[in-house]
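Me: I'm new to reading protein structures, and I'd like a close look at just one part of this one. Could you pick a helix and walk me through what surrounds it?

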Amino acid sequence: MLDDFFVRALIAGVGVAVVAGPLGCFIVWRRLAYFGDTLSHSALLGVALALLFDTNITVAVFGVSAAVALSLMLLQRSATLSSDSLLGLLAHSSLALGLVVLAFMSWVRVDLMGFLFGDILAVSNTDIAMIYAGGLIVIVTLVLIWRSLFAATVNLDLAAAEGLNPTRANIIFMLLMALVIAIAMKIVGVLLITALLIIPAATARRFARGPEQMAILAAVIGATAVIVGLFGSLEWDTPSGPSIVVAALALFLLSLLSVIGLLTRRPAPQWDKRS
């Protein structure tokens, strides 16, 4: 008989994985792994501000991540620095600011390891409700903007020529990324969020015959990694967040070694050219 805290962890983890999988596909297609790292690093600044002003941590993390994402768009238009330089600047400065703010709050006891690597076993029913409410918003919004966002991923100019408003889709995508990072932070922590976004999507890419199928496979693989990782954590008494990421990595390595993976090795289809 599983304890209630473990059941809550399973429910919360699967909820996050199902949302992160489809969104992670766009990160893989667009080669935005560093962008994901930037938003996840900024999450610690959101945590620090939430503790400083005594507000909800998830809301604060979403606000800071969204602000960083929109700042990146503005800086890309006006600054002379390259995108990767801007990402590095925002990622490390926001992480450092978060750590400095936390260091100044000597009156607050902070579980820094929990924020960095996740504490899924401590999720509450309220956390689960926020994860599934936020996840529903992400999935519904992603379905609504799927056509314009995917068109912008394949060919930005063609998407604009067809009147699909790729700029608006890109802004919404960044906000969805910020929301997923906010709800996923408690599961795998600030430093491992990007892995949960990228690894299942990278694994699904080997087997998918189309973008929609890849999104569904990524969600299934992510959910499987959560379940395997949590049971492995329970069996060997290892940290839950890192165990989930290791399980996702193991699934990716199995896909590389599998007979199916070898048989389906083929040139990337047209929809996957950018990855």
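Reply: Happy to! Let's start from a residue that touches our helix. Leaving aside its neighbours within four places in sequence, S65 is in contact with L39, S42, A43, A178 and I181. S65 itself belongs to helix α3, which covers residues 57-78. Keep in mind that this is a predicted model.

Is S65 buried or exposed? Its relative accessible area is 0%, and buried means under 20%, so S65 counts as buried.

Two of the partners of S65, A178 and I181, bring us to helix α8, made up of residues 166-188. This is the part I'd like you to look at closely.

Begin with its length. Helix α8 has 23 residues, and at 1.5 Å a residue they should span 33 Å. The C-alpha atoms at the two ends are 31 Å apart, which agrees with that expectation. Now follow the helix along its axis: there is a kink of about 30° in α8, and A182 is at its centre. Just after the helix comes G189, which has a positive phi, near 85°.

How much of α8 is covered? Mostly covered is the answer, since 17 of its 23 residues are buried. To picture how a helix presents its side chains, remember that an α-helix has 3.6 residues a turn, so residues three or four places apart point the same way.

Next, look at K186 in α8, which forms a salt bridge with D127. The closest N and O atoms of this pair are 2.9 Å apart. D127 lies in helix α6 (residues 125-154), so the pair ties together parts that are 59 residues apart in sequence. A search of the whole structure finds 1 salt bridge. The general idea is simple: side chains of opposite charge can pair when their charged atoms come close. The two partners have their own surroundings: D127 counts as buried, at 17% relative accessibility, while K186, at 34%, counts as partly exposed.

Finally, α8 helps to line the largest pocket, which holds about 540 Å³ of space. Of the 21 residues that line this pocket, the closest to its centre are R30, L32, Q76, N170 and M174. The elements that give two or more residues to the lining are α2 (33-53), α3, α4 (83-104), α6 and α8. Which of them gives the largest share? That is α8, with 5 residues.

So here is the picture to take away: α8 is a kinked helix, mostly covered, joined to α6 by a salt bridge.

Technical notes
Residues are numbered from 1 along each chain as its sequence is written. This is a predicted model: local features need pLDDT of at least 70, side-chain atom pairs count only at pLDDT 80 or more; totals for chains, interfaces and linings use all residues. Side-chain values use heavy atoms; hydrogens and water are left out. Helices (H or I, at least four residues) and strands (E, at least two) are DSSP runs, numbered from the N terminus. The expected span of a helix is 1.5 Å times one less than its number of residues. The bend at a residue is the angle between axes fitted to the seven residues ending there and the seven starting there. Buried means under 20% relative accessible area, exposed over 50%, partly exposed in between (1.4 Å probe, protein chains only). Contact means heavy atoms within 4.5 Å. A salt bridge is a side-chain nitrogen of Lys or Arg within 4 Å of a carboxyl oxygen of Asp or Glu. On a 1 Å grid over the protein atoms alone, a cavity is a set of points where a 1.4 Å probe fits but cannot get out, and a pocket is an open set with protein on both sides within 12 Å along at least five of seven lines; lining residues have an atom within 4 Å of a point. Grid points are joined across faces, edges and corners, and a volume is the space filled by probe spheres set on the points.
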